[in-house]
Amino acid sequence: MIHFDQVGVTYDGATAPVLRDVRMRVEEGELCLVIGHTGSGKSTLLAAINGLVPHFTGGTLTGRVLAGGRDTARFRPRELADVVGVVGQDPLAGFVTDTVEEELAYTMEQLAIDPAAMRARVEETLDLLGIAELRHRALRTLSGGQQQRVAIGAALTAHPRILVLDEPTSALDPASAEDVLAAITRLVHDLGVTVVLAEHRLERVLPYADRVAWLPGDGTVTAGDPAAVLSRAGVVPPVVELGRLAGWDPLPLSVRDARRRAPQLRRQLPGTPPVTHRSAHTDRDAPPALTARGIVVRYGPLIAVRGVDLTLSRGESTALMGRNGSGKSSLLWALQGSGRRSAGRVSVAGAAADPADLPAAGARRLVGLVPQTPADLLYLDTVAAELAQADRDAHDSSRDAGASGEAVTARAILDDIAPGVSHGMHPRDLSAGQQLALVLAVQLAAAPAVILLDEPTRGLDYQAKAGLTGALDRLAARGHAIVVATHDVEFATRACDRVVVMAEGEIVTDGPAATALTASPTFAPQVAKILAPLPYLTVAQVAAALDPVPAP
Amino acid sequence: MSALTGQAVPAARRRDTAASGGGRLPRALHPVAWWVWAGALATAASRTSNPLLLLLIFAVVGVVVTARRTDAPWARGYRFYLGMALTVIAIRVIFRIVFESGVTPGDLILFRLPRIPTPAWYAGVQIGGPVSLEAVLSATIDGARLACLLCCVGAANTLANPKRALRVLPGALYELGVAVTVALSVAPQLVESVQRVRRARRLRGASGRGLRALRAIAIPVLHDSLERSLRLAAGMDSRGYGRTGNATPASRRLTATLMLAGLAGLCIGAYGLLDITVPRAVGIGGFAAGAALCVSGLAMGGRRVSRSRYRPDPWRWPEWTVVSCGLATAVVLCLNAGYNPAALNPGLYPLQWPSLPLLPAAAILAAALAALAAPPPPTATGASR
């Protein structure tokens, strides 16, 4: 169905090819999962299937790409619209019309499909994706998951034989992501559409994949049987990591598979893990870094946060979890002082004033916040200029406050938390993880005692998340109190000591990560799910228990 | 997949019937019908300076809008058009008062403003001076005529979803319609990103004013919208937008020439028809030639695009009725037959109460039939259609 024959892609002005010597076949009805780090060429590979590379993006493509028997060298993307349906990362950016029904019909209108057939197909697709009740809604008013399902539907109505999805869930919360992935797997099984999918949440789709294409990052593509490819791939979910460690063959790809193999491993492991899941830096003897009492945030009739009390210790890293709309962002913005706060007090160690009563420059010296779209804070041409500006801002505000002390430059902070970011680059050309690190460095230059991050893991791959975990660890070791709003259980397991779960603006769970994360099956990391009732959270703990030598 | 169709369609029908409560099924009237109706009323309004007739047109438009608008966002805009109409009248009257003009000897002088001397090179315009009742009245009537046109346009916008109206553009103009639709949806996104970036700026200390602050907001917003538009372009390309079919450059040039010539003809024709001093033949001839050229241009252009339309609006008797009662009004006021044409434009000298010509008044009232002929608008869940 899709055939890559000796394909190489080089973008204009680039010195090295993005893809080289790619030979790959995807057969009819297969689900092909594309994995690899950010920047390894996944999007290029996907965009080559319908000819967006090179027709739309520019660059040079050597070799041949056949999609449904058509050579993309001769057919432009629009002429392949009846064969290949494409769904991108941000559904809202791809919508052309403004209501669900019209969006579903759009591609068919372009293909001049008979109005009666169009009507029938729209109805079918509405049911297939479970969005019938949204049919008259304006696209902008839908939630992210609903929007993405509409985008998939809009690609499907044209009855393409190939569906290409580029990280369709990277901007979604877990519940919406589940909906979307469930819809995709249903398509593969019920309709026999050939699906090519790039996805970070490997654990959700791996069980359904017929083929995995791994891009190690040097431009080549290794494609083949999922278990075989994953035994070598660098990006793997914890379940595969655990499988490798335990020497299971073939590798288990789902929690269910692994759990069926696990009884023997469970017998081997000691009842309590020999090491904790992470080394905490919490300093409980020092006065708390931040104390918030009775925080209320309301937007008209909507109460986003209802009377939350929160105390953060120095060196403590806290995960703030909960579904979308549970008040996580509102709470973070209210703590920082820039957001709306209808009632409540916040006091920060070493400061007399509430950050909300201070001017913006003063508030950020007490509490730093990295917003959900970090790039909003970047406006200069180079990384170096941004860092210099951050130092100037920090210097000005500390002089205004009459404080003096050892000044750590933003550049030093960036080199510490994300080594290897080229200072001459344009901030917009950085990867999502590097942008996040840059904004974190900019915010840390003001030396706040408390640092808040609003969903920093969105769109980060395993590697970038590991980098962020390391950076946060070092900050905690230096005594910063950290709060991370996140949906990512695996990330919370590795990066946080404490878990706070919010629902409807209230805190429903607050406790150490080890107990909070194993208490409920939905909030448990994969390793805990596989090894329950044993309280193991990470593969590293299992490794330490199996091999006592490196443990101390 | 097709097995599911059988269940879905009756469900949709059931909802339609339930909402109607028996009588006629609520549905949106074809947008073109509303535009033709409003256009015809605007033409009628431009033909008369009889305040009674103008008031009647105002009333008819108001009644129809009130009766047949939906609860959708664009349908709430009529009062802005009303506000604009009143402003037009006010501006017109104020200008006539301040820049003394239109005052003839023997006028009824209301009051006198102090005259401000103007330099010699500005002699044509006089500021201040006597203000006569006749001048004010004629300004009010002039303003009212313009306001009437505005209200007609506003009514069309209120009654027909502007985006749906774009969808009925002929195939050759499809790209234009898409461009407008996309532009309309970009505006709220832009506002949203400006708000987000401004809020985020506080996190960085929000230091600096003026140019730097502008830059700190503009750069992220522009980056954002540029990225978004590139993604939209890629998405539209992969979804088949701009499949050209079999157009040659020569045929495209021919289409463009036909269209431009046709539009020029239409302009001349419209001017000729609406301006009473131009010979009637020039107007009708220009209009007919322009229309013919445009139609052939559109047909030429439409031939190269192969595209279909999802749930096209039907054109049934309500559409015919709405269009014909609108057109009847325009025709009666344009033909000047069956009544004294002078009654359409009563003079202010001598000052007298204008007479109400029966036939034009009846014709304008007939336009109100549109409120009865048009089906009730869909409500609640169906509001977007």
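Into which domains is chain A divided? There are three: domain 1 covers 2-224, domain 2 joins 237-268 with 520-552, and domain 3 spans 290-519. These bounds come from an automatic or database domain assignment.

A quick note on conventions: this is a predicted model, where local features need pLDDT of at least 70, side-chain atom pairs count only at pLDDT 80 or more, and totals for chains, interfaces and linings use all residues. Residues are numbered from 1 along each chain as its sequence is written, while chains are lettered from A and ligands numbered from 1 in the order in which they are written.

Back to chain A. The C-alpha centres of its domains 1 and 3 are 34 Å apart. Nine residues of domain 1 of chain A contact 11 residues of domain 3 of chain A, a contact being two residues whose C-beta atoms, placed from the backbone, lie within 7 Å. On the domain 1 side, that makes three nonpolar, five polar and one charged. Here Ala, Val, Leu, Ile, Met, Phe, Trp, Tyr, Cys and Pro count as nonpolar, Asp, Glu, Lys and Arg as charged, and the others, Gly among them, as polar.

Now for chain B. It has 13 helices and two strands, taken as DSSP runs numbered from the N terminus (helices H or I, at least four residues; strands E, at least two). Of its 385 residues, 29% are buried, with 20 or more other C-beta atoms within 10 Å of their own, C-beta atoms being placed from the backbone.

Finally, the two chains meet through 57 residues of chain A and 48 of chain B. On the chain B side, H8(B) gives the largest share, 13 residues.

Conventions. Buried ≥ 20, exposed ≤ 12 C-beta atoms within 10 Å, placed from the backbone.
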